[in-house]
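These are notes for a colleague going through the model. Please read them with the structure open.

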Amino acid sequence: MPTPEQCFALALEAFAGRRFELGSGSGKMLRILLGGHDLDASITPSGIRVSFGGRTHDYMPETAPAIVSWLLDAAGAQPDTREITASIGPAEMRTYGIWRLSRLHVRLSATRELIAIRVRSAAEALDVPLPLPRPLPEPPYVVLPERCPHCGEVPERYRVLHDWSLVCLACGRSQPARDQPSNG
Ligand SMILES: [Zn+2]
């Protein structure tokens, strides 16, 4: 099994002109990449990370050389291309089951550290990176001396819900909303 670093090096060789055939894993990955989401994918010596729908997903790096090969061919890239923008599809695909590739706009670029792939349904959207996913907000907690009416404990902390009700971290049950603290 090649390491993520080796996979990245082979994917860079695809930019130089070498070609790698799609297998079942890379065929599935291609279907994920071109299945209809606007997405940004980055291939690095650490692996493949794909962002779409406000989330990021990590994938197996072994698929990278064949994925990059297929996309460069579909885009009509010449050997030693470092960046290319093209539209691909529509087409009927048979890489992982039979599926339909809609008309999409793709941009691929390569440096020694990063292969970046953008997939968009609109060409003008290629210039705009997708927003980075926001970390989930930390739920607010309060420390209170009061005993929980359910379990009678004074929990280490209470979690504060949107309506200002309090969840006891000792027993997990909530009590009615408190008055919202004022800033004055
Ligand atoms: Zn409790």
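1. In this predicted model, helix α2 (residues 24-33) has as its buried residues Ser26, Gly27, Met29, Leu30 and Leu33. Viewed along the axis of α2, these buried residues lie within an arc of 160 degrees, so they line one face of the helix. An α-helix has 3.6 residues a turn, so residues three or four places apart point the same way.

2. What covers that face? The cover over the buried residues of α2 includes helix α3 and the strands β1 (39-44), β3 and β8 (115-120).

3. On the side of α3 (residues 64-74), the residue to look at is isoleucine 67, which lies in that helix. Leaving out residues up to four places away in sequence, isoleucine 67 touches Ser26, Met29, Leu30 and Leu33. Each of these four is listed among the buried residues of α2.

4. Is isoleucine 67 buried or exposed? Isoleucine 67 counts as buried because it has 29 C-beta neighbours inside 10 Å, where the cut-off is 20 or more. Its C-alpha atom is 8.6 Å from that of glutamate 21, although the two residues are 46 apart along the chain.

5. The largest nonpolar core has 29 residues, and Ala11, Leu33, Ala64, Ile67, Val68 and Leu71 are those with the most contacts inside it. At least two residues of this core come from each of α1 (4-16), α2, β1, β2 (47-52), α3, β7 (104-110) and β8. Helix α3 gives the most, with seven residues. Leu33 of α2 and Ile67 of α3 thus appear both in the core list and in the contact between the two helices.

6. Strand β3 (residues 55-59) contains threonine 56. Threonine 56 is partly exposed because 15 other C-beta atoms lie within 10 Å, a count between the limits of 12 or fewer for exposed and 20 or more for buried. From threonine 56 to alanine 41 the C-alpha distance is 9.2 Å, at a separation of 15 residues in sequence.

7. Further along the chain, four strands form an open antiparallel sheet in the order β9-β10-β11-β12. Strands β9 (141-142) and β12 (174-175) stand at the edges with a single partner strand each, so one side of each has no neighbour in the sheet.

8. How many bridges join β11 and β12? Strand β11 (residues 166-168) pairs with β12 over two bridges, in the antiparallel sense. Valine 167 has serine 174, in β12, as its bridge partner.

Terms used:
Residues are numbered from 1 along each chain as its sequence is written. This is a predicted model: local features need pLDDT of at least 70, side-chain atom pairs count only at pLDDT 80 or more; totals for chains, interfaces and linings use all residues. Two residues are in contact if their C-beta atoms, placed from the backbone, lie within 7 Å. The arc is that of the directions from the helix axis to the C-beta atoms. Two strands pair if DSSP finds at least two bridges between them. A nonpolar core is a set of buried Ala, Val, Leu, Ile, Met, Phe, Trp, Tyr and Cys residues joined through C-beta atoms within 7 Å.
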